[in-house]
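User: I should like to study this protein chain step by step. Please guide me through its fold by means of questions and answers.

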Amino acid sequence: FTQENNDYVSKAAPTPVVDADRVYFFFESGDLLATTHEGALVWQRHLSEDYGQIEGVHGLGASPAHTADSLVINVDQEGSSYLARFSKADGATVWKVERETERAWASPAVVTTESGDQEIVLSSAGTVGGYGLEDGRTIWSYDGVEGNNVPSISMVGATIAVIGSRERENNQAIRIARETDGVSTEQMWVADRVTSSFGSPLVAHGRAYFVNRTGVVSCVDLATGEALFEERLAQTNWASPLAAGETLYFFGEK
């Protein structure tokens with residue numbers, strides 16, 4: 001793996017996930033692996049060898065999502081893009097579906113619907129979509145989004161998706177209605193004065209927070225999209241914020 005380090009590329013951009021037994025890592029080399037909590041290797045896959053070298057000017061950024069027994073990986077790239085599910089037990093491929101898309105770095109999310117089924121939701125490369133956990137098939141699609149190649153989806157349950165974008169008029173929320181006769185999507189609002197450069201939008205306490213690369217935080221009402229406040233942080237900000245209790249945490253460049 002010969003990708004050089006620079007301000008836009010890290011060898012370990014994807015965030016690991018953890019459960020009661022193991023920690024699961026995905027590296028920009030295409031290596032997918034599981035370790036014990038003490039760091040002992042349990043299994044390792046070389047996805048670049050199995051499915052082709054990952055191609056993209058800024059490497060890979062999508063983090064794994066996980067269920068009780070599996071990992072979900074999204075690879076949107078200049079080469080052959082795919083969405084895949086792997087067993088937590090041994091790393092075996094459960095399924096892999098090809099994607100016709102451009103390079104992107106957004107991570108998938110796994111949600112539990114009102115019926116108790118689990119569904120993969122992904123905002124990436126111009127679309128937002130829902131995919132079946134059992135087979136990766138496309139269940140629904142919301143198109144016409146631009147600039148959502150980097151920020152990941154932020155879900156409120158399984159019914160509201162907040163979409164981050166580098167294009168102001170594409171930062172929005174949609175409502176997802178799953179009925180017996182199909183799935184429908186409806187735009188709730190557009191927050192056309194905010195941007196999500198790299199960090200994903202954060203939903204907390206009935207509000208949605210967006211932060212751009214220069215460190216400007218914008219807050220809107222989750223139900224209406226009404227702008228509530230805007231504030232500049234002390235540093236530039238590329239990471240996604242977190243919420244814990246009543247506190248929000250933003251991670252500056254330095």
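**Strand pairing and overall form**

Analyst: We may begin with one pair of residues: S154 stands opposite V162 in β14. Please bear in mind that this is a predicted model.

User: Which strand is joined to β14 by 3 bridges, and in which sense do the two run?

Analyst: The pair S154 and V162 belongs to this ladder. The two strands of the ladder run antiparallel, and β14 is joined by 3 bridges to strand β13, residues 154-156.

User: Which residue in the hairpin of β13 and β14 takes a positive phi?

Analyst: The hairpin has 3 residues between its strands. The residue with a positive phi, near 60°, is G157.

User: What is the bridge partner of V162 in β15?

Analyst: Strand β14 also pairs with strand β15 (residues 172-179), in the antiparallel sense and over 4 bridges. Within β15, the bridge partner of V162 is A173.

User: Which residues of β14 point the same way as each other, and are they buried or exposed?

Analyst: In a regular strand, side chains alternate between the two faces of the sheet. In strand β14 (residues 160-163), I160 and V162 point one way, while A161 and I163 point the other way. As for their surroundings, all of these residues are buried.

User: What is the order of the strands in the open sheet of 4 strands, and which are the edge strands?

Analyst: The pairing in this open sheet is antiparallel, and the order is β5-β6-β7-β8. An edge strand pairs on one side only, and this applies to β5 (65-66) and β8.

User: How many bridges link β7 and β8, and which residue of β8 is the bridge partner of R85?

Analyst: Strand β7 covers residues 81-87 and strand β8 covers residues 93-99; they pair in the antiparallel sense over 6 bridges. They form a hairpin with 5 residues between them, and G91 in the turn has a positive phi of about 80°. In β8, the bridge partner of R85 is W95.

User: Where is A125 found, and is it buried or exposed?

Analyst: Most residues other than glycine have a negative phi. A125 has a positive phi, near 55°, and is not a glycine. A125 is found in the loop between β10 (118-124) and β11 (127-132). Its relative accessibility is 17%, and the limit for burial is under 20%, so A125 counts as buried.

User: Where does H205 lie, and how does it count in terms of accessibility?

Analyst: H205 is another residue other than glycine with a positive phi, near 55°. H205 lies in the loop between β17 (202-204) and β18 (207-211). At a relative accessibility of 48%, H205 counts as partly exposed.

User: How many helices and strands does the protein chain have, and why is it described as being as compact as a globular protein of that length?

Analyst: The protein chain has 1 helix and 22 strands. The globule rule gives 18 Å for 254 residues, and the radius of gyration of the chain is close to that value, so the chain is as compact as a globular protein of that length: the radius is 18 Å.

User: What percentage of the residues of the protein chain count as buried?

Analyst: The C-alpha trace spans about 50 × 45 × 35 Å along its principal axes. The chain exposes about 12100 Å², of which carbon and sulfur atoms supply 46%. Of its 254 residues, the share that counts as buried is 49%.

User: How far apart do the centres of the positive and negative side chains lie?

Analyst: The protein chain has 18 positive and 36 negative side chains. The centres of these two sets lie apart by 4 Å.

Conventions: Residues are numbered from 1 along each chain as its sequence is written. This is a predicted model: local features need pLDDT of at least 70, side-chain atom pairs count only at pLDDT 80 or more; totals for chains, interfaces and linings use all residues. Side-chain values use heavy atoms; hydrogens and water are left out. The radius of gyration is taken over C-alpha atoms; the globule rule is 2.2 Å times the number of residues to the power 0.38. Buried means under 20% relative accessible area, exposed over 50%, partly exposed in between (1.4 Å probe, protein chains only). Accessible areas come from the Shrake-Rupley method with a 1.4 Å probe; for residues, only the protein chains shown count as cover. Lys and Arg count as positive and Asp and Glu as negative; His and the chain ends are not counted. The place of a charge is taken as NZ of Lys, CZ of Arg, CG of Asp or CD of Glu. Two strands pair if DSSP finds at least two bridges between them.
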